[in-house]
Amino acid sequence: MPKQVAVILLNWNTPTHTANCISSLIQFCDHNVFDLIIADNGSTDNSLSILQSKFPKHIYIDNKENLGFAGGNNRALEYSIAHNYNYSILLNNDTEVDEDFITPMLNYLENHQAVVAVQPAIYYLHKKDKLWNGGSFFNNFLGETYSKNQKSRQALRNPEKVDWLTGCCFMVRNNALKQAGLLNEKFFLYYEDVELSYRLKASFGELHYFPATKIYHEAGVSGQQTKNKEGTLSPIIHYYLCRNKIWFLRKYSNPFFALVIFLKNAIYYSALLSYFLLRKRFKKAKYLYLGIKEGLFTPKSSIWP
């Protein structure tokens, strides 16, 4: 009998994190429910061979180049859909589990047909009593995406409708992906999960936060660099965060609040740019400027063909 769920891990030069994640899935999750698909984004550290040698029974996809979070995961999602899995789970490779989080989410979607996708509670890997993501929302007035992580959310056990789901971990119906499309590869990295969430809920059902089960996340692994005069966060991160946020707002924000949203972001990005220049972080200033420019002036027809 075919398994219902494809669990997708994207690796890029982080085989240790990926191996730790795989080991925890093998230990705690029901093998009868899911297959594991590991997609490698053109790693240069022999990641693929390392993982295949250690875990030979799983499915591997060699993307041969860095396709970003969107493109890398899309190749695995295409495999999941083509091989008739009913559901796909996107799961960051810097996550670990200590319980079977797959079966509860599967049962929830099976019993709630109005829900198109669901995510668990996500805690910090190295502070397991601290919530990293307890549901994600969008402030229409300010044009801000945000996630709740207050202590009060940790006691929450009832599912809740949310505005978007984090690409760190969610389960989605493949039938909906067939019609809505996959992650927008123009985004490459950041906000692609928010953008897909809006397409899914517009036509196919609600998005739910499901706090009855959980995973742990070591946040920020992909964006870190060796500390230098530019800091520990890679300058390219500012480019993608800025550009993609502006793209998202151009398509999905409420036009009635456009002036407030524009002024708020203009003040914020002007202050951030000034900070980088004062700290002589010229590479970050350059990438931020490019993100602003492309965010504002890239034609919508190029972002959403």
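## Salt bridges, cores and a surface patch

Glu144 and Lys245 meet in a salt bridge whose closest N and O atoms are 2.7 Å apart. This pair links distant parts of the chain, with Glu144 in strand E9 and Lys245 in helix H8 (residues 235-252), 101 residues apart. Keep in mind as you read on that this is a predicted model. Are the two partners buried or exposed? Glu144 is buried, with a relative accessible area of 19%, and Lys245 counts as buried as well, at 7% relative accessibility. For Glu144 the value of 19% falls under the 20% cut-off for buried residues.

Salt bridges that share partners also join Arg75, Glu78 and Glu185 into one network. Within that network, the side chains of Arg75 and Glu78 meet at 3.1 Å, N to O. Where do these two residues sit relative to each other in helix H3? They are 3 residues apart in that helix, so about one helical turn separates them. Arg75 counts as partly exposed, at 24% relative accessibility, and Glu78 is likewise partly exposed, at 39%.

A further salt bridge forms between Lys214 and Asp98, with the closest N and O atoms 3.6 Å apart. Lys214 belongs to strand E12 (residues 206-217), while Asp98 is in the loop between strand E5 (95-96) and helix H4 (102-111), so the pair ties together parts that are 116 residues apart in sequence. Lys214 is partly exposed, with a relative accessible area of 22%, and so is Asp98, with 32%. In total, the count of salt bridges comes to 12. Here are the three pairs described above, side by side.

| Salt bridge | Closest N to O distance |
|---|---|
| Glu144 and Lys245 | 2.7 Å |
| Arg75 and Glu78 | 3.1 Å |
| Lys214 and Asp98 | 3.6 Å |

Let's return to strand E9 and look at its hairpin. Strand E8 (residues 136-139) pairs with strand E9 (residues 144-147) in the antiparallel sense, over 4 bridges. Which residue of E9 is the bridge partner of Phe137? That partner is Tyr146. Between the strands of this hairpin there are 4 residues, and Gly143 takes a positive phi near 70°.

Now for the interior. In soluble globular proteins, nonpolar side chains tend to be buried together. The largest nonpolar core of this model has 39 residues, of which Ile37, Leu90, Leu177, Leu200 and Leu207 touch the most other members. Which helix gives the most to this core? Helix H3 (residues 68-82) does, with 5 residues. Apart from this core lies another one of 34 residues, among them Ala19, Leu36, Phe55 and Tyr60.

Two members of the largest core are worth a visit. Leu90, not counting residues up to four places away in sequence, touches Ile8, Phe69, Asn73, Leu77, Gly167, Cys168, Cys169, Phe170 and Leu183. Leu177 is found in helix H6 (residues 174-180) and counts as buried, at 2% relative accessibility. Leaving aside neighbours within four places in sequence, Leu177 is in contact with Leu77, Ile81, Val172, Leu182, Leu196 and Leu200. Leu77 thus appears among the contacts of Leu90 and among those of Leu177. To place Leu177 in the fold, you can take Gly42 as a reference point: the two are 135 residues apart in sequence and 25 Å apart in space, C-alpha to C-alpha.

Is Ser197, a residue of helix H7 (residues 192-203), buried or exposed? Ser197 is buried, with a relative accessible area of 4%. Its contacts, again leaving aside neighbours within four places in sequence, are Asp163, Trp164, Leu165 and Leu207. Leu207 is also one of the residues that touch the most other members of the largest core.

Finally, a look at the outside. Leu259, Phe262 and Leu263 form a nonpolar patch on the surface, with about 330 Å² of accessible area together. Phe262 lies in helix H9 (residues 258-278). Elsewhere, Lys151 has its place in helix H5 (residues 151-154) and counts as exposed, at 74% relative accessibility. The C-alpha atoms of Lys151 and Val7 are separated by 29 Å, and the two residues are 144 residues apart along the chain.

Conventions
Residues numbered from 1 in each chain as written. Predicted model: local features only at pLDDT ≥ 70, side-chain atom pairs only at ≥ 80, totals over all residues. Heavy atoms only, no water. Core = buried A, V, L, I, M, F, W, Y, C linked by side-chain atoms within 4.5 Å. Buried < 20%, exposed > 50% of the residue type's maximum accessible area, 1.4 Å probe, protein only. Contact = heavy atoms within 4.5 Å. Pairing = 2+ DSSP bridges. Patch = residues over 30% accessible without salt bridge, like charges linked within 9 Å, V, L, I, M, F, W, Y side chains within 5 Å. Areas by Shrake-Rupley, 256 points an atom, 1.4 Å probe, with all protein chains shown as cover. Salt bridge = Lys/Arg side-chain N within 4 Å of Asp/Glu carboxyl O.
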